[in-house]
Structure formats: structure tokens, C-alpha cells
Amino acid sequence: MTEQKRILITGASGFIGGFLVREALARGYEVWAGVRLHSSRKNLQDKRINFIDLRYDSKEALIEQLRGIVSSAGAWHYVIHNAGVTKTLRKADFCRVNASYTHLLIEALAAANGCSCKFLLMSSLSSYGPVDEYSFRPIRIDDDRTPGSVYGRSKFEAESFVKTQTSFPYIIILPTGVYGPGDKDYLMEIKGIKAGFDLKIGMKPQHITFIYVKDLALAVFMALENEEAKNKSYFVADGDVYTDADFAHIVKELLNKRFVISLRIPVWMCYIACVFSEIIGHFTGKAMTLNTDKYHILKQRNWICDTEPVRRELGFVPRYNLKEGLEETIRYSKDNGLL
């Protein structure tokens with residue numbers, strides 16, 4: 001009888017994390033979901049899920065916690081470290097959560113013999129920063145990195161530690177723009193178009209790429225389960241390239257929205273808006289989607305990445321193009337009163 005594979009997925013209560021859990025359950029894994037006590041478990045209702053609130057506050061406490069689970073249930077075959085922050089009131093929290101917690105988790109897993117097969121880090125294309133803003137050639141894995149955002153630098157730091165550790169084989173997944181049911185960032189743009197406004201940043205169009213969240217989950221498990229895929233990094237996107245105008249056009253078509261006011265604002269005006277939004281966030285105690293760190297992401301023009309390795313080495317073929325994914329996303333948002 002084949003042993004049931006065990007997997008730990010951190011950040012399981014988040015947008016991407018919820019889909020990773022669903023994919024793991026569908027594949028028959030024994031799933032352990034890393035979820036903080038205050039996080040919502042709305043999308044984690046399956047009774048087969050085992051929950052764990054990882055003790056990132058103390059290395060010793062985390063090691064003891066992991067050892068206790070390993071001694072009673074066994075080591076996890078795979079660990080997906082998906083936990084992280086994309087916006088925060090204090091920029092120092094990017095490095096603390098995205099980089100330091102990654103370092104801490106790997107050291108604790110090694111000390112507890114908690115991962116027997118492979119460790120996968122969910123990183124981001126933002127860890128590269130602008131590479132070629134002139135010819136718009138695809139960003140390649142071996143390109144030099146100059147992340148302008150603190151978020152991007154924190155992800156790059158996390159990747160660097162994963163690559164230097166020798167406790168277990170690793171995979172680093174670097175998705176481009178991830179969208180799908182439950183995502184809040186792209187939903188803001190969709191809501192704006194539904195209200196009749198299409199606001200674009202920069203006078204020069206952005207060249208952007210996307211990956212539907214269900215396809216991202218598929219790529220993650222293809223990387224985990226492929227025995228040849230070890231100590232590798234992969235960009236994940238659907239393979240098509242769009243402009244910001246293309247995205248807006250598809251959304252307008254799916255919403256059957258005939259009249260929309262389209263405006264382009266210079267990046268310097270975007271920066272001013274980010275500053276004011278961040279000030280409001282500090283007064284309200286709320287991390288704002290629009291902030292001075294996100295500004296560096298908004299002003300970047302080239303978000304094209306080389307997906308040939310993930311297709312060739314893993315056989316990954318996306319099941320959704322942007323229109324199909326947005327259609328499903330918009331339907332979900334309407335059905336759940338979000339749009």
C-alpha cells in the first residue's frame with residue numbers, strides 16, 4: 001500500500017494558500033495548513049485539514065513545536081512556504097516576515113528533521129525589479145536583480161537563503177501577476193472599470209503577464225512531484241503578453257461595459273497618490289494597497305518573464321488564458337456579492 005504523502009502549507013488562509021490546500025487535498029495528500037490564530041478559515045472548511053499556528057516568535061519554540069508533530073505524525077514529505085506579506089504599515093515587516101521567517105522555518109525544519117523530500121518557496125517576479133524597459137525582452141532566471149521595492153528585496157533575500165541551505169532540495173516558484181476568485185488587488189481594478197473608470201499608471205503602456213491561481217497551484221505540485229526538479233527556480237505565467245490596455249479591454253467586454261472613461265496619469269502623480277494613501281494608512285492603522293513601496297511595482301513597465309523552462313522541464317501547460325480566468329473570477333465575484 002502506497003504511503004499517503006504529507007504536506008505542510010504555510011500561509012494557507014491567504015488567497016493563493018487556499019488554492020494550494022485545495023490542490024493538495026484533490027491529490028490525496030495529508031494536509032497541514034499553517035494558519036495564524038487570528039486568520040480567517042473561511043476557505044479552509046474541509047474536515048481533512050490539520051491546522052498549525054507556527055511559532056515564528058521563537059526559534060526554540062518553533063523547533064520544539066515541529067519536533068512534537070514529527071514524533072507523533074511523521075515528517076512532512078513536502079513543505080510549501082507560501083506565508084508572507086505584500087503590504088504592511090512598517091516596511092521593516094517585509095524583511096521580518098518574508099525573509100527572516102523563511103530563514104527561521106528552514107532552520108527549524110532542519111533541526112526537527114521535519115521535511116523529508118522537498119522545500120518549495122513561493123517567491124515573486126518582483127524580486128527581480130526592472131530588467132529591460134526598452135526592448136521588453138523576457139526576464140530570465142539568470143538576469144541580474146535590482147528590485148526597487150522593499151517587498152521585492154525581501155523576497156530576493158528569502159530566495160538567497162533557500163539556495164544556500166543544504167538541509168533539503170528546494171524549488172523556488174516566481175509567479176507573475178496572480179489573479180482569480182478571492183483576489184482583492186485585481187478586483188479593485190475590475191470594480192473601477194465596472195464603475196466606469198479605467199485608470200492606468202504611466203504614459204508608456206505596461207507589458208504585463210498573468211497566471212490564473214488554479215494554474216499556479218498546478219505548476220507548484222508539478223514541481224514538487226517531479227523527481228528531476230531539484231534546486232531549481234521557475235517563473236510561472238500563462239505564456240501570453242498583454243498591455244494594461246488589453247487587460248482593461250477584456251474586463252470591459254466581460255462586464256458588457258460599453259462606456260468607460262480611460263485615463264493615463266504620469267508616474268509622478270501616482271507617487272503623490274501613494275504618499276497620501278500611505279499617510280492615511282498610518283493614521284487609520286491599516287496597510288493600504290496603494291503605498292510608496294507598491295509605487296516601484298506600478299511604475300515598472302516590463303513584467304514579461306521567460307516561461308520556457310517551466311514548460312520544457314515540468315511539462316506545465318496552463319489551462320486558462322486571461323479571458324477565461326477573468327470570466328471565472330468575475331462570475332465568482334458576482335455570485336459572492338463582491339462585484
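## Asp 244 and Arg 264

Asp 244 is buried, with a relative accessible area of 10%; buried means under 20% relative accessible area, exposed over 50%, and partly exposed in between (1.4 Å probe, protein chains only). Its partner Arg 264 is partly exposed at 26% relative accessibility. The two residues form a salt bridge, with the closest N and O atoms 2.7 Å apart. A salt bridge here is a side-chain nitrogen of Lys or Arg within 4 Å of a carboxyl oxygen of Asp or Glu. Because Arg 264 lies in strand E13 (residues 261-265) and Asp 244 in helix H7 (residues 244-255), the pair ties together parts that are 20 residues apart in sequence. Helices (H or I, at least four residues) and strands (E, at least two) are DSSP runs, numbered from the N terminus.

## Basis of the values

This is a predicted model, in which local features need pLDDT of at least 70, side-chain atom pairs count only at pLDDT 80 or more, and totals for chains, interfaces and linings use all residues. Residues are numbered from 1 along each chain as its sequence is written, and side-chain values use heavy atoms, with hydrogens and water left out.

## Other salt bridges

The salt-bridge count comes to 21. Side chains of opposite charge can pair when their charged atoms come close.

Glu 159 and Arg 145 form one such bridge, their closest N and O atoms being 2.8 Å apart. The pair links distant parts of the chain, 14 residues apart: Glu 159 is in helix H4 (residues 150-164), and Arg 145 is in the loop between strand E5 (115-122) and H4. Glu 159 is buried at 1% relative accessibility, and Arg 145 is buried at 16%.

Asp 93 and Arg 90 also meet through their side chains in a salt bridge (3.3 Å, N to O). Asp 93 counts as buried at 10% relative accessibility, whereas Arg 90 is exposed at 53%. Elsewhere, Lys 232, Glu 308, Arg 312 and Glu 313 are joined into one network by salt bridges that share partners.

## Helix H9

Helix H9 covers residues 292-299, and Thr 292, Asp 293, Tyr 295 and Ile 297 are buried in this helix. The elements that cover the buried residues of H9 include helix H3 (92-111), H4 and helix H8 (267-284), where contact means heavy atoms within 4.5 Å.

At the start of H9, a side-chain oxygen of Asn 291 comes to within 3.0 Å of the backbone nitrogen of Asp 293.

Methods
Polar contact = N/O pair within 3.5 Å; in protein donor to acceptor, adjacent residues only side chain to side chain.
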